[in-house]
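Thank you for sending this model over. My comments follow as numbered points, to be read alongside the sequence and the coordinates.

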Amino acid sequence: MRRHRLLPFCALLGVLFAGFLPKLDAQEVLVVGKRDIIFLMDSTMGATLVISVREFIKRFIDSMPIGPDDVQVGVATFGNIPRLEMDLNSHGSTEALTAALFSIKPRPGQSVNIGAALEFVRTQMIAPEKGSRYQQGIPQLLLLLTSKKSNDSVEAPAMELQRMGVLSLAAGSKAADEQELRQIASTDSLVFMLRDFRGLLRPPIPDPIIGALSTLAGVVVTEVPTEPVLAVGKRDIIFLIDSTMGATLINSVREFIRRFVDRMPIGPDNVQVGVATFGNNPRLEMDLNSHGSREALTAALFSIKPRPGQSVNIGAALEFVRTRMIVPEKGSRYQQGTPHLLLLLTSKKSSDSVEAPARELQRMGVVTLAAGSKAADEQELNQIGFTDSLVFMLRDFHGLLRPPIPDPIIGALSTLVGVVVTEVPTEPVLVVGKRDIIFLIDSTMGAMLINSVREFIRRFIDSMPIGPDNVQVGVATFGNIPRLEMDLNSHGSTEALTAALFSIKPRPGQSVNIGAALEFVRTRMIVPEKGSRYQQGTPHLLLLLTSKKSSDSVEAPARELQRMGVVTLAAGSKAADEQELRQIGFTDSLVFMLRDFRGLLHPAIPDPIIGALSTLVGVVVTEVPTEPAVTPAPAQGVKRDVVFLIDGTTAGRSEFPAIRDMIRRVTEKLDIGLDKVRVSVVQYSDEPVSEFLLNEHSTPDELRQAVARLQSRGGNLLNTGHALGWVSRRIYQRSAGSRIEEGVPQFLILVTGGKSSDDVSTSADLLKRSHVAPLAIGSRNADPNELRQISLKPELVFTVDSYQQLPRVETQLIESVKTISTDDIITHVPQVEVSLNLGKKDIIFLIDGSDNTGPEGIAHIRDFILKIVRQLDVQPDQVRVSVVQYSDKVKSEFSLNSHNNKPAVISAIQRLRQMGGRSSDLADAIKYVMQNELIPSAGVRLSEASQHLVVLTGGRSSQDVSMYGPLLNNSRVNCIGVGASGADTRQLGQIATSSEDVLHVPTFPGLSAIRERFITRLSGTMPEETPTHVYDSDLPAAKKAPGDT
C-alpha cells in the first residue's frame, strides 16, 4: 500500500507539537487551519465505551475552532452496516455539535463490517452536499475507532481513501486486529492500540491522536481522475442499475459510474448520461439532460440509493428506458442520429421476459451492454447484449473498481455506436464446405475505410452458409495491440454476425504491430474454446487487411500460422509494405495490393479474395467453382502430388528458362487434374517462395500458363535445407492441396545448381519420414553426396553438366513419378528402431505454456518431447504418454489412454501449440495432474507400471510448490524437473524426486544437450509398494511462493 513518504515525519512533528502545548482547559481553543474531520465509531462496543468515545470527541471539539470556515466535524457509526450520525455541515458551532453528540447511542452487534463503513465515508460523507470541502482542497481526516476485527475486507476501501489523500487514523481496542488497522491507517505511526477506549479520557493517551488530528494535513488529491479525459464523440449513455443488490455493491457501481463520467467530455454537445434503477419497478434517477456538467453529474450520483427487494423485472426496466428515457423531452438525441448506449447492471435473474424489450432496443440501434454478478443469468444477459462480446459476468460488482475488469466496458461505451439493422437483399448463398475464416483488420485506417472493410465482410457473410456445421467467421482488429471483436463461435447465424459487425470501430493510431496480431490469432483464436475446429481438420483461412507497414517483425508469427496449415491472405493499401505482405501470404498469389479499401466494394476487385476464401480448402476446392469449368473425365491414370523445388539464385538466372521448359515438358506427360496429378512450384535461394499451390490449377491449360509465367527471382545464397523444411511445413498440407492424408503418393523434384549454404540432413529426413519421395537433380556445382542425402534412394539422384541437358533425365523422372507408390516410399523411409526398453511406464509431460516460455520455447519443448518419445516403446501395454500444458490455467492436451499407438501420440505432440498466459501457476498444475491425469480413468496403471511426471518450464512460479514434492513422493510418482532460461532450480528441487532429477539448460535450444541425462533419470523407478491411490481430492489451494507478495 502506498504511503506518503513524509507522513511518519509529519506525525512525529505532530506528536512533539502536541506534547509541548500547554495544558488546555475545555474552553482554550487551538489555532488550527481549515480541515474536515470525520469520526467513524464502532457502535457495538457497549454503552460504557461508546460514552467514553463520545466524551473524547466532545473534549476534542471544545479545543477546535468549529465553523464552516474553520474545522468541520462529521460522525458515522457502524456495526454490520454503517449509519450517518451527522454530516460535516450539520452543525456549525461547538455548542450545536456538543449537543448532537448525545444522540449517538450504542447498538448491539456481534460483528462489524469496517470495509463497508470506510466505503460509506468515502462515497456518502466526503461529498459536497454533505458539507465536504474536498474539492476545494481542504484537508480531510478520518479517525476510526473499533473494538473488533472486520468481517469484510478493508484493503480496497482504505486504499481508495488514501488515493484521495484522506489522512486515516485507526484506533483499536479489545478484539481489534492491529494488522488490519495498519492497512487502514495512512502510516503505521497513526495506528493506536488501547486496552480499552476509556483510556481516551486519561492523558497522555489521547495526546498523539489529538495532535495528529490538529496538525497533519494529508495530501488532498484534487485532480481526479488522474487519467486524461477521452476524446469521445457525441453519445447518449444510460446506466440501468439493479437497486436490490445491497449498499456495498451499489456504492461500487456508483463509484464506477463516477470514474467513467470523470473520463468523458460531459455536456449537451458531447456525452450525456442518464440513470435509472429497478427492482420490481423501474425508477428514473436522472434524465439524459438533467445535468450538463461533470461536477453536477458526480454530485447527483450520491442520490442513488439501494432499495430492498427479492426479485427484479428487467424486461419492464428495458421497456421503461425505451419509452420513458429515449425520448426528446428527456434529453435523448436519438432523432438526431446520436448513438445511444445502455449498460445494464444486475445481480439477479429477471422475473419477467427480457426478449421482446431487448429486441426492440436493438431494432432501434441502441447498443446494449449487460453486466451481471451473483444470481444473474448469463443466457438472459446474452439476449439483452447487442452481441455476446458485450456481455460481462463478474464475481461481484466490486470488480468494476479493479483494472483491467472495467476496461472492456469503458472501451465499448466510449467507442461503439449503434446502427439500425435493416433488412438488406443478400447475394445467393454459395455451396461451400466447412471452414473457419478469420478477418484481421487494421483499426487505425480511419472511419471511411473501416466502414468499407466492414461492408465487404458483410457482403461476404451474406454469400456464405453461416453456422456451426458450415462456415464460421471470427474478427480481430489491431493497432499497436490486437483486440478480439468476435470469436469463431460467437454468432451462429448470418443475421447475428451481420448485427455484430457494427460494433467494429476505427481506433486512432500512428503505427501497427502486425506480428503481434498474427500471434494473437494463432494463440487466442485458433483454439477450441474460441470455436476453432482446427483439431477436427476443418480448413482455416485468415485474411489480413492493413494500411500500414508493421512496426514489429511478421516473419516468425506468419511462419507459425503457415506451419499449422492456415491459409493466409494479405491485402494492403496506402503505406502497406508489399514485401512484408508476401511474407504473410501463404503464396504470392494470395497477396493483394489495393489503392484503398473502398475498392473492396467495386465489382471485380474483391472477386479473387472471395474466390480464395471460398475455394482454398484442399480437396474440397471443387465445391464452389467461381465460373463454369470443364470437369475432367474420370481418372484414367493414378493420383500423384508433385512439387518442383527449383533454384532461383541470381547465379543461375541465365539458365532459368531451361528449368521452366523442363517443368513444362514433364507436366505435359502427366495426367493433370484435381482428381489425378496435382503440381506445385516453389522457387528458392535465400528464402523459398511459392509460385502456386497444388490446388491452384486444375487443368493442363491453366498449369501450362502458370509455368510459362515463371521468372527467376534472384538471390545470393542457396539455402536448400531451409527450403526443404519450408516445403514440408507449408506445401505438404491439406490446406495447400496435398492429399498426403489420403495416401496419395507425394513427390518432391529438387533442381539445384550448387552446394547448399545450410545443412540439408534434418529437413530431408523430415520429408522422408512424412512419406514424401524426394528426387534430386544437380547441375554445375551441386554436391553429389548432398543430393544422395536428400533423395529417397540413390537411383533418384540425377546429375547434369548444365540445365540445357535436363531433357536427358526427364524420361526417368516421369517414370519414377508414375510408378513409385506410397508403399514403395514407406519402405525406404529411415526407420527409428526402439532402442530403449524401459519397461512399463506412465509418463506425463507437464509443460509451461505461459508467456515466459513463448512460441519459440514451446517449439523446442515439442521437439525435445518428440525425440524422447521416438526412442520409447509407446504402446498400450508398455509406455503410455500424456501431455498437459499450464500457465494461469491448465489444459490436458491428451491423456495416457487417449491414443493407442505411437504414430497417433507423435501426431498429437506435433499439433502442440502454446496456450499463452501471464503467469506460470505450477502448484495448480501439479494439483490438476494429480486429480485428473494420475487416475485410472485417465489411463494410469497404478499396479502395473511406474508413474513419471516431467515438468518443463522456462520461468519461476509465483506459487509455493514445496508441499507437492512430498505428495508426489508419497504417491510413488517419480518427478523430473527440467528448467530453461529463468526457471528456478531451487523450486524444481522442491518437487523433483532427487537432486539428480533437476536438469537445467541456459536456453530452450539447449534441451537436446541433456537428452541422454534425461533418459537416464527416466529409467529410474521408485521401489517399494504400489500405491492404492495417487491423489487427495481435497488438496489445499496453492499459496504464494516465499518472497512473492
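1. Which strands does helix 22 (residues 720-730) lie across, and at about what angle does helix 22 run to strand 21? In this model, which is a predicted one, helix 22 lies across strand 19 (640-647), strand 20 (677-684), strand 21 and strand 22, and its direction makes an angle of about 45° with that of strand 21.

2. The strands under discussion belong to an open sheet of six, arranged in the order 21-20-19-22-23-24 and with mixed pairing. Strand 21 (688-692) and strand 24 (797-800) stand at its edges, and because each has a single partner strand, one side of each is left without a neighbour in the sheet. From one strand to the next, the twist averages 20°.

3. Within that sheet, strand 22 (residues 746-752) pairs with strand 23 in the parallel sense, and seven bridges join the two. If you wish to check the register by eye, F747 is a convenient residue to look for, as its bridge partner in strand 23 is A773.

4. A little before that bridge partner in the sequence comes a residue whose backbone deserves a look: H771 is in the loop between helix 23 (761-769) and strand 23 (772-779), and its phi is near 65°, a positive value in a residue other than glycine. Is the side of the chain at H771 buried, exposed or partly exposed? With a relative accessible area of 32%, H771 is partly exposed, because that value falls between the 20% and 50% cut-offs.

5. A second residue of this kind is K374, which is not a glycine and yet has a positive phi of about 55°. K374 is found in the loop that links strand 11 (367-373) to helix 12 (378-384). Here the relative accessible area is 56%, so K374 counts as exposed, the cut-off for that class being over 50%.

6. The elements on either side of K374 take part in a further arrangement, since strand 11, helix 12 and strand 12 together make a right-handed β-α-β unit. Strand 11 and strand 12 (residues 391-394) run parallel and are joined by four bridges, and one pairing to inspect is that of G372, whose bridge partner in strand 12 is M393.

7. What surrounds Q914, leaving aside its neighbours within four places in sequence? Q914 is in the loop between helix 28 (902-910) and helix 29 (922-932), and its contacts include E519, R522 and T523, as well as G849, S850, D851, G854, P855, I858 and Q885. Although it is in a loop, Q914 counts as buried, because its relative accessibility is 6% and the cut-off is under 20%.

8. The side chain of Q914 also has polar partners in the backbone: a polar atom of this side chain lies 2.9 Å from the backbone oxygen of S850, and the backbone oxygen of G849 lies 3.4 Å from a polar atom of the side chain. Both G849 and S850 appear in the list of contacts of Q914.

9. For the protein as a whole, the secondary structure comes to 32 helices and 32 strands, and buried residues make up 58% of the 1045 residues. Among the contacts with a separation of 6 or more, 78% are between residues 24 or more positions apart. The protein exposes about 42200 Å², of which carbon and sulfur atoms supply 51%.

Technical notes
Residues are numbered from 1 along each chain as its sequence is written. This is a predicted model: local features need pLDDT of at least 70, side-chain atom pairs count only at pLDDT 80 or more; totals for chains, interfaces and linings use all residues. Side-chain values use heavy atoms; hydrogens and water are left out. Buried means under 20% relative accessible area, exposed over 50%, partly exposed in between (1.4 Å probe, protein chains only). A polar contact is a pair of N or O atoms within 3.5 Å; within protein, one must be able to donate a hydrogen and the other to accept it, and residues adjacent in sequence count only if both atoms are side-chain atoms. Contact means heavy atoms within 4.5 Å. Accessible areas come from the Shrake-Rupley method with a 1.4 Å probe; for residues, only the protein chains shown count as cover. Two strands pair if DSSP finds at least two bridges between them. Axes are lines fitted to C-alpha atoms, for helices over the stretch in contact, and angles run from 0 to 180 degrees between N-to-C directions. A crossover is right-handed if, with the strands pointing away from the viewer, the path from the first strand over the helix to the second runs clockwise.
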